[in-house]
Amino acid sequence: MLTHPFDRRRFLEQSGWLLGAHLIGNHSAYCATPQFNSDPFSLGIASGDPLPNGVVLWTRLAPDPLNGGGMPNENVSVEWQVASDEGMGKIVRRGTAIAAPGMAHSVHVEVDGLDPARWYWYSFKAGAAVSPVGRTRTTPAVRSRLDRLNFAFASCQHYETGLFTAYRHMAEEDLDLVVHLGDYIYESAGREDRVRKHTGAEIESLADYRNRHALYKTDPDLRKVHALFPWIVTWDDHELDNNYAGDVPEDKTPRAAFLERRANAYQAYYEHMPLRRSSLPKGSEMLLYRRLTFGDLAEFAVLDTRQYRTDQPCGDGRKAPCAEALDPKATLLGPKQEGWLLGGLGRSRARWNILAQQVMMAPVNRVPVPGESYSMDQWAGYPAARTRLLSYLLKRKPSNPIVITGDIHANWVADLKADFREEESATVGTEFVGTSISSGGDGSDTSPSVEKILPENPHVKFFNQQRGYVRCGLTRDRLVSDYRVVSYVTRPDSPIATRASFVVENGRAGVQKA
C-alpha cells in the first residue's frame, strides 16, 4: 500500500521543464499558489514511457474534476520529487513544473538522471496539497542482458457497462509495466439503464473530452494501477469516435468539423496520459507510434492504427471482402508508420519483438466455407497491408514476433500465417488478443455462434469472452500469456481466475497451450 506522506521540505532546485509559451497562451510566467477547498489530485498520478535513465511523471490539478477541473485561469507551480525508497526519505531528483490552463493544468515531467532497471517512488505538491506516492520503474540499459520481464495488457474500459474490478486484481500482480491498447474512454452519451452513467451527451468539444477523461480517472481501481506501475499507452477509436478512419468519421460529419473534434480529442488524450513532449498534439495531429526497449530481451513497437488509416475499403461492418480491399494503397498504418515499423523490425536485436496495437490482425471468417465474412474495421479489411507485414516477417525473420491486441471485447489466441488461405502456410508469429476491462458487460465463457465457426479458422487456438486482462511473463526461453478473467463486472467484488495459459518458445514460431 502506497500511503507514505510526501516530504514537505521546500525543494532546492527547479527542473527547468516547461510546457512552452504556446501552451501557456497569453498568461504570464507568474505562478499562483492557490488555496484548495478539495483535493486537487483527485485524478491521481501516473508514470509512463520508461527509459533507462528516466520516466514521464503525470498528474492534473482538478479539485472539481467533472466540471472543467475547478482551477483558476492562471499558471500554477507544481513541485515534484523522486526517491529511491518508498518512504520518500532518499530524494534523488526534484523540481518544479508549470500546470497551465491551456493544458487543463496537467503536468508531464520528463525525469532523467535515474539509474536503469530499478524501482523509484514519486509525488507532487501544489500549494499545501500533497499527492499520493506513486511507484515507477526504469528500463534496463540498452542491449544489457535482461532475463525476465512481467507485464499486463488491457483495453476497452467502458465506464457505463461495468466496474473496473479487473484493475483491482491487476494491482496485486507482480508486474514491471502495463500496456493499454485503446478505448481508455468511450465517447457516447450517458444512459440510465447501465451500471454507471456517463455525464452529458456524446462528447465533441475540448471541455467535453476533458470531463469524460476526468470521469474515468475518478475510478479508484484505475487510479491505483496507474500509481503502481509505469504505463505504455496507445489509443483506438473511442477516444474520439467509433470506427473512425483517419479523417473519416463514423457518420456524415463534414471533414472540417470532424478534424476540429479530432483536435479536441487528441488534446484531451495527451493532457490525461503520461506521454512525452514528442507526442504533444499539433492541431488534429499527434505522434503516438514509438518504440521502447527493455535491455536485450524485448522491444515494443507501439502502433497507431487509427490516425493514418484510409477509409475501410469495403465499408464498415462484417462482410465478404470486395475488390477494393486488395488495393495496395489501402492502409491501417499509413506509409510513413509502416516504413518505420518494418525498418525497426529489420534492425531489432531484441529476443522478443512485440507489436502493441489495436485491431485483430488474424482474420476470423464468421460463416462456413466457402462463404466469407470478416470484420472490415480490422486488418481483415486491409489484406494487402497485412500481407506486406507478414511477408516481411517471413522474409526477414525478426526474432520472435508477438502481436498484442485489444478492441473486440473477447479473448483470442491465433497463429499468424504468411498466407491464411493455406493451412500449411508458414507460421510467422503469434497474436494474443485481450478482452475488455468492462466493455460489453459481464460476458460469458464462450459463444455458440463463435464455436461453430472455429473449425473454419484453424489458425485460431482459443476464444473466450469474459472480462479481464492478459498477464505476460517473458524470459529468454519463452513467453507465457495468462488469460485472467473476472466472473462479472455489473456488480462489485468479482473474483479472478486464470481461464487459460499459452506458451511461445524462443525460436519456435507458433503457440502452444500451457
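Start by selecting proline 370, which sits in the loop between β15 (352–356) and β16 (374–375). Those element names come from DSSP runs numbered from the N terminus, where helices are H or I of at least four residues and strands are E of at least two. Look at the link just before this proline: the peptide bond from valine 369 to proline 370 is cis, with omega near 15°. That is worth a pause, because most peptide bonds are trans, just as most residues other than glycine have a negative phi.

Before moving on, a word about what you have open: this is a predicted model, where local features need pLDDT of at least 70, side-chain atom pairs count only at pLDDT 80 or more, and totals for chains, interfaces and linings use all residues. Residues are numbered from 1 along each chain as its sequence is written, and side-chain values use heavy atoms, leaving out hydrogens and water.

**Two asparagines**

Next, click on asparagine 243, in the loop between β11 (231–233) and α5 (255–271). Its phi is near 55°, a positive value in a residue other than glycine. Is asparagine 243 buried or exposed? Its relative accessibility is 16%, so asparagine 243 counts as buried; the cut-offs are under 20% relative accessible area for buried, over 50% for exposed, and partly exposed in between (1.4 Å probe, protein chains only).

Now jump to asparagine 400, in the loop between α7 (383–396) and β17 (401–405). Asparagine 400 is not a glycine, yet it has a positive phi of about 50°. At 10% relative accessibility, asparagine 400 counts as buried.

**Two polar contacts**

Select serine 348, in the loop between α6 (334–347) and β15. Serine 348 is buried, at 12% relative accessible area. Which backbone nitrogen does the side chain of serine 348 reach? Show alanine 350 as well: its backbone nitrogen is the partner, at 3.2 Å. A polar contact here is a pair of N or O atoms within 3.5 Å; within protein, one must be able to donate a hydrogen and the other to accept it, and residues adjacent in sequence count only if both atoms are side-chain atoms.

For another, go to the start of α4, where a side-chain oxygen of aspartate 219 comes within 3.0 Å of the backbone nitrogen of aspartate 221. While you're there, colour helix α4 (residues 220–228) by burial: its buried residues are Asp221, Leu222, Val225, His226, Ala227 and Leu228. An α-helix has 3.6 residues a turn, so residues three or four places apart point the same way.

**Salt bridges**

The whole structure holds 31 salt bridges, each one a side-chain nitrogen of Lys or Arg within 4 Å of a carboxyl oxygen of Asp or Glu. Try glutamate 110 and arginine 277, whose side chains meet at 3.7 Å, N to O. Glutamate 110 is in strand β5 (residues 106–111) and arginine 277 in the loop between α5 and β12 (290–294), so the pair ties together parts 167 residues apart in sequence. Glutamate 110 is partly exposed at 23% relative accessibility, and arginine 277 is also partly exposed, at 42%.

Then pick glutamate 173 and arginine 471, with their closest N and O atoms 2.8 Å apart. This salt bridge joins the loop between α2 (165–170) and β10 (177–180), home of glutamate 173, to strand β21 (residues 460–475), home of arginine 471, so it ties together parts 298 residues apart in sequence. Glutamate 173 counts as buried at 11%, while arginine 471 is partly exposed at 22%.

For a bigger selection, show Asp236, Asp237, Arg306, Arg309 and Asp377, which are linked in a network of salt bridges.

**Charge on the surface**

Finish on the outside. Select Glu204, Glu250, Asp251, Asp311 and Asp316, which gather in a patch of negative charge on the surface. Aspartate 316, in the loop between β13 (298–302) and β14 (318–319), is partly exposed at 35% relative accessible area. Patches are built from residues with over 30% relative accessible area and no salt bridge, joining like charges within 9 Å and nonpolar side chains (Val, Leu, Ile, Met, Phe, Trp, Tyr) within 5 Å.

The last stop is a positive surface patch formed by Arg143, Arg349, Lys395 and Arg396. Zoom in on arginine 143, in the loop between β8 (134–137) and β9 (148–154): it is exposed, with a relative accessible area of 63%.

Notes
Areas by Shrake-Rupley, 256 points an atom, 1.4 Å probe, with all protein chains shown as cover. Lys, Arg positive; Asp, Glu negative; His and termini not counted. Charge placed at Lys NZ, Arg CZ, Asp CG, Glu CD.
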